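Here are some notes for a colleague who is opening this entry and would like a guided path through it. Please keep the sequence and the model side by side while reading.

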Amino acid sequence: DLPRELHSWRQMADYSPEMRQFACLLHLYHIKAYDYLRKILPLPHPYSLTKQVWLSNSEAAAGFSSAVFLRLQEQVERGDQAYRYCTVLLQDTSLQKQQEWDPQGKRLTGFVDLGAGILDADEAPLASEAIILMAVGISSPWTAPLGYFFVNSTSGRFLAQLLRQAINKLNNVGVVVLAVTSGACARGAETARALGIRTDPRRIQCTFQHPPGSARSIAYFFDVCHALQLIRNALQCFQQVEWLGDTMRWQHVVELAALREQRVLEPCSPGSKGRYHLKVNLATLLFSEGVAEALEHLQKLGLASFQNCSGTVKFVRLMSSLCDVFYSRGLYKKEPLLAGNYTKISNLFNEAKSLFVNLTDSMGRYIIKSKRKLGFLSFLLNAESLRWLSSNYTCPEGIPSHHLHTHAFSLDPLERFLRALKQACGSSGSPTCAAFQAAYHKLLASCSLAPGSPHSAGTASPWDTSVCRSRALTLGSIHTQHHPAPGRTLAPEYPYSAGLLLPSSALSNALTDLSLYTQSLTCTAGWVAEQLALGLQCEACLASLFEADESRLRCRSVLYIKKLGGVSLPSASVHHITSISEQVLNRYGKAGGANKNTKLWHLSLEQKVFQELLGESPLFPTLTNHLFEGDLSINNHYTVLVKEITQCYLNVRRKPAQHLNLKYPCGRHRLKRLKGKHLFPSPLGSCQSS
C-alpha cells in the first residue's frame, strides 16, 4: 500500500499513516537497511525522525510521552540545574497476547505499536511485551517515565536505536544524558554491543559515542541487582571458587542460612545472667558486611562448619564494599564520590578486577571466560563507567562529579514504577495491552517530576523497592532453597500464651494472677514477632522485633535472643504495641451495636491503637538512623512495621485458633511459672530498651 513514486516521499508533512509506520519501523529495527534505502527513496534523515512527533503521543498511548518532555523542557528553561543531567533506564515487561475491542476508539487493540499507530491489516502481529524508558536525575532524585512501546520481538540493535531516539529527544529539550542502564541479561548485553560497548577485561570500552562519530560519549551501566543475582548463581553452580591462594566455598553460606537456633549457656556479656539463643537473621543480604562478620563470629565460636572460611569472608566483604559504592550506602551513603573517597574507591575497583580476572573453579578454569561470566563482567564495566564519569563529568557551576548519586544507575526507580503499574492493572499475571495502557494513563496523570515525590515513579510499596528486588539475595532465600519448610506454629510448651487472652475464655475473664497475664501477653507478642519475621526482607527491621543482646555482636545477621518456653521474647517496642492493642480491644471490643466482622470495625480498632500510640515514647530506637536510609515519606519502614504488628495482633486475637493452630484441653491449663527474675532486662512498658 506504499506509494512507489519518488515525489510522494519528499514532503514529510504529506506522509500517510502507513508511510510513517514504514519509516519508523525500518529505522528502529534495521538502521542499515534504512540508510541503504535512503539512497533509492528520499526517506527522512534519521535526525528528522526524532524532531517529528511520529513516535510521540500527547495522551498515554504507546510511544514517547510528549507531555513529559514538555515538562522537562519547562524545568530546564527555568534554570533548574537539577534537571540538566540524567541517566536513561531501559526495561521490558511481559504482556498477555490478546486482541480486544476498544469501544471508545472503535478499534481493535493488542497489536504492536511503536507510537506511529497500529498497522491496519490482518497481518498485524499481537504484542507480547512492553519496553519502558525512564529518565532519572543524577544530582537530584527526580524520575520521569519517557514512554513505552508494544512489541512482539526485540533485538539489541532495536533497543539501541530506541535508546538513541530517547537521548536525542532529551537533548532537544535541554537535558543531557550522561549514562544509560539496562538489565544484566542476554538482551542487555546485546544492546551494549550494538552501541559499541566492550566488556573484555583486557580492553573494556565503557562508553559509546552519540551521535555516532561525534566526540560526545555516554557511559553504560548494567543493573547491579541483576549482576549480583548472576554472581550468586555462579557461586552456587561452581560451589567453590579460588583466586591467588584464597578459596570461597558456597557451603559456608548454606550452613549459615541453615543454622538452627542454638542455646548459649555461658553469660553473653559481663553482668548478664540470662541465657540466650543464637538465631540467624534470614533477612540479611548475602553480599553484606553482616554476613562477613557472622561467619567470622561463628568461626571464633569453634563451630566445625565454619572453620577455614577466611576466603569466603574476604569475597563477601569485597562484594559488600562494591554494593556500598553502587547503592550509595555505608561510608558512601550521602555523597559516594567525595574527593577524599575517590582514591579509596579506585583502589577497591582495582582489587575487584584483580580478583575477578583470577577467579577459577575447582578445575582451574577461569570463570571470567566461562558461561557464568556476565555478572562479574557487569561489575567491571560499571566500575570503569563510574571512573569515567568521575573524571570527565563536571557540573555547570564548576562542581566536580563528587555529587553523582550512584543509585541513579540502577533499575530500582523503573522497577518501582512497573510494580505500581501492575498494581494499577489489578491482576497478578501479565496484563493485556488495554489494561497496561489504562494503568499507564492513570499513573502518568498523577506523575510529578518533583525530586522525591512518591508519584514521580509510581506509588512505592510498603517495603522499598531495593529491598523487594533483593529478596533472592537474602539468607532466607538460600535457606528456603536448601531447606524448604512449612510456616512456623507456636510451641506447644505454652498453650496458655494464647488461651489466657481468648475473649470467650472463662479463665481469662476470671484471671487474678497478673504475672500470668503478663506472661501470656508476652508470649503472644513473641509469636507476632516470629510471624512477621517470616516475611520481612529488611535486616534492621527484623532485628528490632526481638529482645536481643546487642553487646554480643555489632552486626544484626546473628542475633542472641531470649526465649520463653520455645517462643522468642519480643522487643519492648513490640510488646508495647501489642499491649496497647490489647487495651483497645478490651475497651471497645465489648461494646455492642456494631458488627465486629466488618472491615470497617477492624480499621476503627487500628485507628484507635494509633491514637493511643501518639504522644508515647519513641518506638524502635534502633531504627532511628534506618529511617533516613531510604525515601523520606510517611509510608516508611517504621510506620509500616507498627501497622503490621497491630494488624497481626488484632487478627490473632479475633481468630486465635485459626492463626495459632492450637487445641485447648478441657479443664485447667497447665501453667509454668518463670523462675527468678523476669526475662525482660527492662520494664515491659518501657519503649526505650528495644
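The numbered points below go from the overall make-up to strands, helices, rings and single residues.

1. Overall make-up. This is a predicted model, and every point that follows should be read with that in mind. The protein has 24 helices and 17 strands, and of its 690 residues 52% count as buried. Among contacts between residues at least 6 apart in sequence, 74% join residues at least 24 apart.

2. Strand S3 and its two partners. Strand S3 covers residues 85-94, and eight of its 10 residues are buried. With strand S6 (residues 129-137) strand S3 runs antiparallel, and nine bridges join the two; within this pairing, aspartate 92 has isoleucine 131 of S6 as its bridge partner. With strand S8 (residues 176-182) strand S3 pairs in the parallel sense over five bridges. In that second pairing threonine 87 stands opposite alanine 179, and valine 88 has valine 180 as its bridge partner.

3. Strand S8 and its further neighbour. How many of the residues of S8 are buried? Seven of the seven are, so S8 is largely enclosed by the rest of the structure. Besides its pairing with S3 over five bridges, strand S8 is joined by four bridges to strand S10 (residues 217-222), and these two strands run parallel. One position to look up here is serine 182, whose bridge partner in S10 is phenylalanine 222.

4. The loop that leads to S10. Proline 211 is found in the loop between strand S9 (207-209) and S10. The peptide bond that joins histidine 210 to proline 211 is cis, with omega at about -5°, and a reader stepping through the backbone may wish to pause there.

5. Helices H7 and H10. The axes of helix H7 (residues 224-238) and helix H10 (residues 310-326) come within 11 Å and cross at roughly 170°. Angles over 145 degrees count as roughly antiparallel, and H7 and H10 are therefore roughly antiparallel to each other. Val224, Leu228, Ile231 and Leu235 make the contact from H7, while Phe315, Met319, Cys323 and Phe326 make it from H10.

6. Helix H8. Six of the eight residues of helix H8 (residues 250-257) are buried, so this helix is largely enclosed by the rest of the structure. The buried residues in H8 are Trp250, His252, Val253, Val254, Leu256 and Ala257.

7. Leucine 374. This residue is found in helix H12 (residues 374-392) and, at 24% relative accessibility, leucine 374 counts as partly exposed. Which residues does leucine 374 contact, leaving aside its neighbours within four places in sequence? The contacts are with Ala184, Cys185, Ala189 and Leu230. In addition, the C-alpha atoms of leucine 374 and threonine 199 are separated by 9.0 Å, although the two residues are 175 residues apart along the chain.

8. Aspartate 113. Is aspartate 113 buried or exposed? Its relative accessibility is 12%, and because buried means under 20%, aspartate 113 counts as buried. Aspartate 113 lies in the loop between strand S5 (107-109) and S6, and, not counting residues up to four places away in sequence, aspartate 113 touches Ala62, Ile118, Phe149 and Phe150.

9. Aromatic rings and charges. A search of the whole structure finds 15 aromatic pairs. Ring pairs link Tyr148, Phe150, Phe417, Phe436 and Tyr440 into a cluster; Phe150 is also one of the residues that aspartate 113 touches. Two charged side chains can be viewed alongside the rings: arginine 84 lies over the face of tyrosine 85, at 5.8 Å from the ring centre, and the charged end of lysine 169 sits over the ring of phenylalanine 69, 5.5 Å from its centre.

10. Two positive phi angles. Leucine 244 is a residue other than glycine with a positive phi, near 45°; leucine 244 is found in the loop between strand S11 (240-243) and strand S12 (246-249), and is exposed, with a relative accessible area of 62%. Asparagine 308 likewise has a positive phi, of about 60°, although it is not a glycine. Asparagine 308 is found in the loop between helix H9 (289-300) and H10, and at 59% relative accessibility asparagine 308 counts as exposed.

Conventions
Residues are numbered from 1 along each chain as its sequence is written. This is a predicted model: local features need pLDDT of at least 70, side-chain atom pairs count only at pLDDT 80 or more; totals for chains, interfaces and linings use all residues. Side-chain values use heavy atoms; hydrogens and water are left out. Buried means under 20% relative accessible area, exposed over 50%, partly exposed in between (1.4 Å probe, protein chains only). Two strands pair if DSSP finds at least two bridges between them. Rings of Phe, Tyr and Trp (its six-membered ring) pair if their centres lie within 6.5 Å; planes under 30 degrees apart count as stacked, over 60 as edge-to-face and the rest as tilted. A charge sits over a ring if NZ of Lys or CZ of Arg is within 6 Å of the ring centre and within 35 degrees of the ring normal. Axes are lines fitted to C-alpha atoms, for helices over the stretch in contact, and angles run from 0 to 180 degrees between N-to-C directions. Angles under 35 degrees count as roughly parallel, over 145 as roughly antiparallel, 65 to 115 as roughly perpendicular and the rest as oblique. Contact means heavy atoms within 4.5 Å.
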